[in-house]
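Me: I am new to this protein and would like a close look at one part of it, followed by an account of how the rest is put together. Please take the sequence and the structure shown here as the starting point.

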Amino acid sequence: MFKMFKPEFTWVKYASPGRCQPSRSGRRPSGSALAAAVLVLIVIYLTGWYSYLLFHSVVETFAILVSFSIFLFAWNTLPFSRQRYLAVLGIAYLFVGGLDMLHMLSYKGMGVIVADGADHATQAWIAARYMESISLLVLPFLFHRKADYRVAFAVYGGIFLVLFLSIFVFPVFPKCYVQGAGLTPFKVISEYIICGILIGAGAALYRRRKDVDPVMFGFLMAALAVTVASEIAFTQYVSVYGPANQIGHMLKLISSYLIYRGIVARGLLSPYQSMFRELDQSRKELERYSRALETRVAERTRELEQTNREMRHLSGQLVHAEEKERRRIARDLHDSIGQTLSAIKLTVENAAETLGQRMDRRYLKELEKLVPMARTAIDEVRRIIMDLRPPVLEKGILQTIGTVCRDFERLHPDIRVQTDLSVAEDQVPEEVKVPVFRLLQEALHNIDKHSNASSVDVIFSLEADRLRFEVADNGKGFDPRAAESGYGQTGFGLKGMRERAELSGAGFQIQSRHGGGTRVQVDWPAATGPEAAAAGR
């Protein structure tokens, strides 16, 4: 009947959750569906000609089932539904259905609830319509309120009990139907009041239509309109079996079906549709946030890369400035202090030679003591100059490495040093040569002082786009972390090596363990200095 149990949406399976949404099948009914609906209405209407009680029972039973369905739907979705107003509406329809059941069972001729005439059934009808219309009027004002279903249950239960007692136990409810005279003024006026309340409910619902599902809103508005027409029809009948009464019940049947479609059928599916719609919106939001995050990460990465390039460039400039300052100090020491000390030495030697025949030998010895002191000072200045800017570097870094290693072997004949220099001189940038020399000096110094090694390998190679310099020994090894975090001489030496390597734009690694030797590895990009900064080394 009216495709009563056909859902408004059909489910379509998709490959991805983002597309797993209910597809609308709420198309306009086809001609055959409308014809079937009209045929069902005609059949139900014709049953009234055969047996009005059968007709009345069918219509009222359907209305009662709809009322109870609304309650069951609202009650069972209460734990997870955000629409708390539906719980109040469901409770209201539970008691409206109860009054409709009393109306049906006490209807004239039913014989279930024995009553004198049709007044009790009509009173139950009016009571049910008042409860229903007032509930629909209050409903729109509960959309954004946290309605307490316990309070609603108590209120509606109390009202139902009062109405039941006033109609069937204590006859204090106003008379609505008088046998032989028809409807009382109270009944007619009440029907018009109920119509007014329903129109007010429609106006309130229209004002808050944005808070209701659009399809549910349409069904409820249509149900309110049909219910108003039904109430107007009920103001016109004289006999409870009359045509006006029958038309009113037919309109009530249509109204009950519209309420069923709007609240129960739609309400069962709209949470899922809403859930999938929210999931789809969440997916789109996540995609948008993901794109924004990727953009932000890319921007941040570019900023970090630019900062790293600038820092490396500044580091290269710092190393370059340091070496430049070293050369200047070495040149000043050589040209000023070194020359002055040499002149003092020559002057003292000449004076000792000239005055040797005329001076007392005791005084001459004191003068001759100045010569070794001057020579020592000259050697010290040369050593300082050598540390600041070794002249050997002028011959190239490869030859410098060979010279330093041979000198180390000569001073330490018990340690064998092997070199593997597989890089050409022109492949080593100027900015790398001095750091390599200093790192080699410090590594060999540490090996001499701490390793007890018998073999040292010095490797300088070009691997792919990296310049790699390694110094490895077979000594006793140590814990690099403990050494770098300590305050001893070794710790400061390792820290100095790391800082020098990183300032030159290199990666620095120490691999060592107790009894397993030590390997110092330093890697530079093949392009260094300003060129490397421009290339984003």
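In which helix do Arg-283 and Glu-287 both lie, and how many residues apart are they?

Reply: Arg-283 and Glu-287 both lie in helix H8, which covers residues 243-355, and they are 4 residues apart, or about one turn of the helix. Please keep in mind throughout that this is a predicted model. The side chains of Arg-283 and Glu-287 meet in a salt bridge, with a distance of 3.0 Å from N to O. Arg-283 counts as partly exposed because its relative accessibility is 29%, a value that falls between the limits of 20% for buried and 50% for exposed. Glu-287 also counts as partly exposed, because its relative accessibility is 36%.

Helix H8 holds another pair of this kind, formed by Glu-285 and Arg-288, which are 3 residues apart, again about one turn of the helix. The side chains of Glu-285 and Arg-288 meet in a salt bridge at 2.3 Å, N to O. Glu-285 has a relative accessible area of 29% and is therefore partly exposed, while Arg-288, with a relative accessible area of 40%, is partly exposed as well.

These two pairs can be set beside a salt bridge found elsewhere, since a search of the whole structure finds 16 salt bridges. One of them joins the side chains of Arg-129 and Asp-100, where N and O are 3.1 Å apart. This pair links distant parts of the chain, for Arg-129 belongs to helix H4 (residues 119-138) and Asp-100 to helix H3 (residues 85-105), and the two are 29 residues apart. Both Arg-129 and Asp-100 are buried, whereas Arg-283 is partly exposed. Arg-129 and Asp-100 also take part in a network of salt bridges, in which they are linked with Glu-60, Glu-132 and Lys-252.

Helix H3, which holds Asp-100, packs with helix H2 (residues 52-76) at an angle of about 155°, and the axes of H2 and H3 are 7 Å apart. Because an angle over 145 degrees counts as roughly antiparallel, H2 is roughly antiparallel to H3. The crossing of H2 and H3 is left-handed.

Another packed pair is made by helix H6 (residues 185-207) and helix H7 (residues 214-234), whose axes come within 9 Å and cross at roughly 165°. H6 and H7 are therefore roughly antiparallel to each other, and their crossing is left-handed. On the H6 side, the residues that meet H7 include Lys-187, Glu-191, Ile-194, Cys-195, Leu-198 and Tyr-206. On the H7 side, the residues that meet H6 include Phe-217, Leu-220, Met-221, Leu-224, Glu-231 and Phe-234.

The loops between helices and strands can be read in a similar way. Arg-145 is found in the loop between H4 and helix H5 (149-169), and it counts as exposed because its relative accessibility is 57%. Although Arg-145 and Tyr-85 are 60 residues apart along the chain, their C-alpha atoms are separated by 7.8 Å. Lys-369 has its place in the loop between helix H9 (361-368) and helix H10 (370-388), and with a relative accessible area of 46% this residue is partly exposed. Lys-369 lies 21 residues from Val-348 in sequence, and the distance in space is 9.4 Å from C-alpha to C-alpha. Asn-452 sits in the loop between helix H12 (430-451) and strand S6 (455-463), where its phi is near 55°, a positive value in a residue other than glycine. Asn-452 counts as exposed because its relative accessibility is 66%.

To place these parts within the whole, the protein has 15 helices and 9 strands. Of its 537 residues, 44% are buried, and its accessible surface comes to about 29500 Å², with 60% of that surface belonging to carbon and sulfur atoms. Among the contacts with a separation of 6 or more, 72% are between residues 24 or more positions apart.

Definitions and conventions. Residues numbered from 1 in each chain as written. Predicted model: local features only at pLDDT ≥ 70, side-chain atom pairs only at ≥ 80, totals over all residues. Heavy atoms only, no water. Buried < 20%, exposed > 50% of the residue type's maximum accessible area, 1.4 Å probe, protein only. Contact = heavy atoms within 4.5 Å. Areas by Shrake-Rupley, 256 points an atom, 1.4 Å probe, with all protein chains shown as cover. Salt bridge = Lys/Arg side-chain N within 4 Å of Asp/Glu carboxyl O. Axes fitted to C-alpha atoms, helices over the stretch in contact; angles between N-to-C directions. Parallel < 35°, antiparallel > 145°, perpendicular 65-115°, else oblique. Left-handed = near helix turned anticlockwise from the far one by under 90°.
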